[in-house]
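Colleague: I am new to this structure and should be grateful for a close look at one part of it. Please take me through the aromatic side chains and their surroundings in a single connected account.

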Amino acid sequence: MTAPRYYTPQGGHPGQEQLLTDRAMFTDAYAVIPKGTMRDITTSYLPGWQGMRMWVIARPLSGFAETFSQYIVELQPGGGSDAPEHDIAAQSVLFVTEGEISLTLDGAQHTLTPGGYAYIPAGAGWTLHNSSGSAAGFHWIRKRWEAAPGVERPAPLITNERDIAPTVMPDTEGRWATTRFVDPADMSHDMHVTIVTFEPGGVIPFPETHVMEHGLFVLEGKAVYRLNQDWVEVEAGDFMWLRAFCPQACYAGGPGRFRYLLYKDVNRHMPLSPPR
């Protein structure tokens with residue numbers, strides 16, 4: 001099997017001779033943030049961190065996608081934080097695309113390399129540093145954990161996608177599979193972060209239309225994606241951000257696999273407005 005690849009933005013700045021045309025879109029139903037927009041001037045920083053910068057590719061917006069934030073973090077050698085998270089209600093998923101990071105979680109130290117996944121429960125104590133000699137890149141997805149009757153908070157989880165067998169979608173002849181880091185039937189989890197893989201020519205053959213908000217970062221390959229009423233070309237390094245009920249479908253363009261890191265909110269009642 002071909003080794004997985006993970007696109008990591010490098011920043012920089014286009015030359016003055018470049019045209020303005022790009023694939024960036026923001027609509028009422030979805031947004032597309034192409035890799036070409038992830039430049040030095042669009043980075044952000046966080047207090048309490050050293051040697052880091054990040055691209056914020058999703059944040060809660062009223063009337064759009066409201067459940068999560070997603071960062072792409074670049075961490076230089078020697079950089080990191082002893083207090084990465086200020087919100088005790090926020091749970092996190094880290095997914096490494098480049099280099100090596102050292103995560104200390106509830107007193108246990110872990111080394112994460114490309115393909116590495118960490119689930120960090122809300123309220124956990126953790127630190128993060130780059131002790132290697134080269135820059136590291138990782139996704140940091142955050143969501144406030146929603147309590148539910150009889151449900152305990154999830155336990156920490158450290159793994160790597162290479163150690164998990166993908167689950168092939170039924171009736172797809174092996175062309176569409178999902179790497180699941182947590183059990184979908186585990187009600188303690190109210191968000192899932194997975195990796196979806198399409199072999200060349202693989203398709204989502206119907207317009208999925210559902211309540212889950214999505215963040216899709218393309219790790220590898222290219223495809224044509226149906227978003228609401230539009231067909232959009234996407235490739236490694238692009239991010240798609242979908243509000244609830246946005247119709248979506250795709251077909252993988254080849255010549256290699258099409259893979260993306262997927263966020264979705266799951267396993268909870270829909271909040272209702274207070275009675276009037």
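Modeller: A residue is called buried under 20% relative accessible area, exposed over 50%, and partly exposed in between. The model before you is a predicted one. Tyr-251 has a relative accessible area of 39%, so this residue is partly exposed.

Tyr-251 belongs to one of the aromatic pairs, and the pairs are a suitable place to begin. Rings of Phe, Tyr and Trp pair if their centres lie within 6.5 Å. By this rule there are 16 aromatic pairs. In one of them, Tyr-225 and Tyr-260, the ring centres are 6.1 Å apart and the planes meet at 70 degrees, so the arrangement is edge-to-face. This pair links distant parts of the chain, since Tyr-225 lies in strand S17 (residues 222-227) and Tyr-260 in strand S21, 35 residues apart. Both partners are hidden from the surface: Tyr-225 is buried at a relative accessible area of 0%, and Tyr-260 is buried at 4%.

The pair of Trp-231 and Tyr-251 is tilted, with 5.9 Å from centre to centre and 50 degrees between the planes. Trp-231 is in strand S18 (residues 230-235) and Tyr-251 in strand S20, so this pair ties together parts of the chain 20 residues apart in sequence. Trp-231 is partly exposed, because its relative accessible area is 49%. Tyr-251, as noted, is also partly exposed, at 39%.

Tyr-225 and Tyr-260 also take part in a wider group. Together with Trp-176, Phe-198 and Phe-258 they form one aromatic cluster. Elsewhere, an aromatic ring has a charged neighbour: Arg-142 lies over the face of Trp-140, 6.0 Å from the ring centre.

Aromatic residues appear in the nonpolar interior as well. The largest nonpolar core has 29 residues, and Phe-95, Tyr-117, Ile-141, Phe-217, Trp-241 and Leu-261 are those with the most contacts inside it. Two or more residues of this core come from each of strand S3 (50-58), strand S5 (90-98), strand S8 (116-120), strand S14 (191-198), strand S16 (214-220), S19 and S21. A second, separate core comprises 24 residues, including Ala-223, Leu-227, Val-234 and Cys-246.

Leu-261 gives a view of the surroundings of one residue in the first-mentioned core. Apart from neighbours within four places in sequence, Leu-261 is in contact with residues that include Phe-95, Ile-141 and Phe-217. Among its other contacts are Gln-70, His-139, Val-193, Thr-194 and Leu-219.

The loops that adjoin some of these strands also deserve attention. Phe-245 is an aromatic residue in the loop between strand S19 (239-242) and S20. Its phi is near 70 degrees, a positive value in a residue other than glycine. In the loop between strand S20 (248-252) and strand S21 (258-265) one finds Pro-255. A cis peptide bond, with omega of about 5 degrees, joins Gly-254 to Pro-255.

A positive phi, near 50 degrees, is also found at Asp-106, which sits in the loop between strand S6 (101-105) and strand S7 (108-112). Asp-106 counts as exposed because its relative accessibility is 52%.

Terms used:
Residues are numbered from 1 along each chain as its sequence is written. This is a predicted model: local features need pLDDT of at least 70, side-chain atom pairs count only at pLDDT 80 or more; totals for chains, interfaces and linings use all residues. Side-chain values use heavy atoms; hydrogens and water are left out. Helices (H or I, at least four residues) and strands (E, at least two) are DSSP runs, numbered from the N terminus. Buried means under 20% relative accessible area, exposed over 50%, partly exposed in between (1.4 Å probe, protein chains only). Rings of Phe, Tyr and Trp (its six-membered ring) pair if their centres lie within 6.5 Å; planes under 30 degrees apart count as stacked, over 60 as edge-to-face and the rest as tilted. A charge sits over a ring if NZ of Lys or CZ of Arg is within 6 Å of the ring centre and within 35 degrees of the ring normal. A nonpolar core is a set of buried Ala, Val, Leu, Ile, Met, Phe, Trp, Tyr and Cys residues joined through side-chain atoms within 4.5 Å. Contact means heavy atoms within 4.5 Å.
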